[in-house]
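User: I would like the descriptive terms used for this model checked against their criteria. Please take them one at a time.

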Amino acid sequence: MTVAAPDPREVREASLDELSRLGLPLPPAQFPLVWEPGDEIDLRPTAEIEARIAVLHLILARCFGMPPQAAMSWLLGSHLVDMVTPPEWQFVMGGKGDHRSFVLHHDALFALAWVLGLSKQLDPTLAVDERLVERLPHIAEGETFPRWRSRILTAPQHPADAAALLDLHYCLDWAYLETERSGRRAPGLIDANAIGQRRWALEWAVILRGPYHDEPPGWEEVDLST
């Protein structure tokens, strides 16, 4: 559902108000807006977001001891092999890559679950909702991706709400990194890595259309450098 993007300056003002409420430092005045007036926004197709959630959940299962043969069998049975990125494939099949970075995807998965309405909140002061696991594929029990999709009931967020949360996490990402650099304590139970993962997921899930936006990036192409 492509819609007109909300006023980016009003959204940014709300994001900065939230940073102030949390006692976090504010980014500089020249900090870029995420989109421009007149842009349009949308979410990726629900099925695509569901597939990304399932793949990330499978990767986390590998992080915590699932054998590669079992992981491959589940991907084949779920028809998700094509949805696995090359770095993810190397980790799933050969354990290659930064194990810790894959574990951190837990928060990216949480953000995607929020986008689809599988989690009711994405509070920067709270850790991942422990009840979320019941709403994810029961991989250990052999629940395939199609069976999981038939079990859950998604209610995707309105694109404007998801875009507003993206802007907030864009600002939070800067603020949490600045907080860690200055040796201050974060206001909640999570750190800059978790905020960065949530921003990664939102950057991928929210599609921005306008004269200054490229085509939507692949999962590994999301740019978190700014």
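**Terms and their grounds**

Analyst: In this predicted model, 48% of the 226 residues of the protein chain count as buried.

User: What makes a residue count as buried here?

Analyst: The criterion is a relative accessible area under 20%, and 48% of the residues fulfil it.

User: Why is the protein chain called as compact as a globular protein of its length?

Analyst: The radius of gyration is 18 Å and the globule rule gives 17 Å for 226 residues; the two are close, so the description holds. The chain comprises 9 helices and 3 strands, and its C-alpha trace spans about 50 × 40 × 30 Å along the principal axes.

User: Why is helix 3 called oblique to helix 4?

Analyst: Helix 3 (residues 68-78) and helix 4 (residues 86-94) pack at about 130 degrees, with axes 7 Å apart. Roughly perpendicular ends at 115 degrees and roughly antiparallel starts over 145, so helix 3 is oblique to helix 4.

User: Which residues make that contact, and of what class are they?

Analyst: Pro 68, Ala 71, Met 72 and Leu 75 of helix 3 meet Trp 89, Val 92 and Met 93 of helix 4. The contact has 7 nonpolar residues, no polar and no charged ones.

User: What makes up the largest nonpolar core?

Analyst: It has 72 residues, and Leu 112 and Trp 219 are among those with the most contacts inside it. Helix 8 (residues 159-181) gives the most, with 11 residues. Beyond its neighbours within four places in sequence, Leu 112 is in contact with residues including Ile 49, Ile 53, Trp 204 and Trp 219.

Technical notes
Residues numbered from 1 in each chain as written. Predicted model: local features only at pLDDT ≥ 70, side-chain atom pairs only at ≥ 80, totals over all residues. Heavy atoms only, no water. Axes fitted to C-alpha atoms, helices over the stretch in contact; angles between N-to-C directions. Helix = DSSP H or I, 4+ residues; strand = E, 2+ residues; numbered from the N terminus. Parallel < 35°, antiparallel > 145°, perpendicular 65-115°, else oblique. Contact = heavy atoms within 4.5 Å. Nonpolar A, V, L, I, M, F, W, Y, C, P; charged D, E, K, R; others polar. Core = buried A, V, L, I, M, F, W, Y, C linked by side-chain atoms within 4.5 Å. Buried < 20%, exposed > 50% of the residue type's maximum accessible area, 1.4 Å probe, protein only. Rg over C-alpha atoms; globule rule 2.2 N^0.38 Å.
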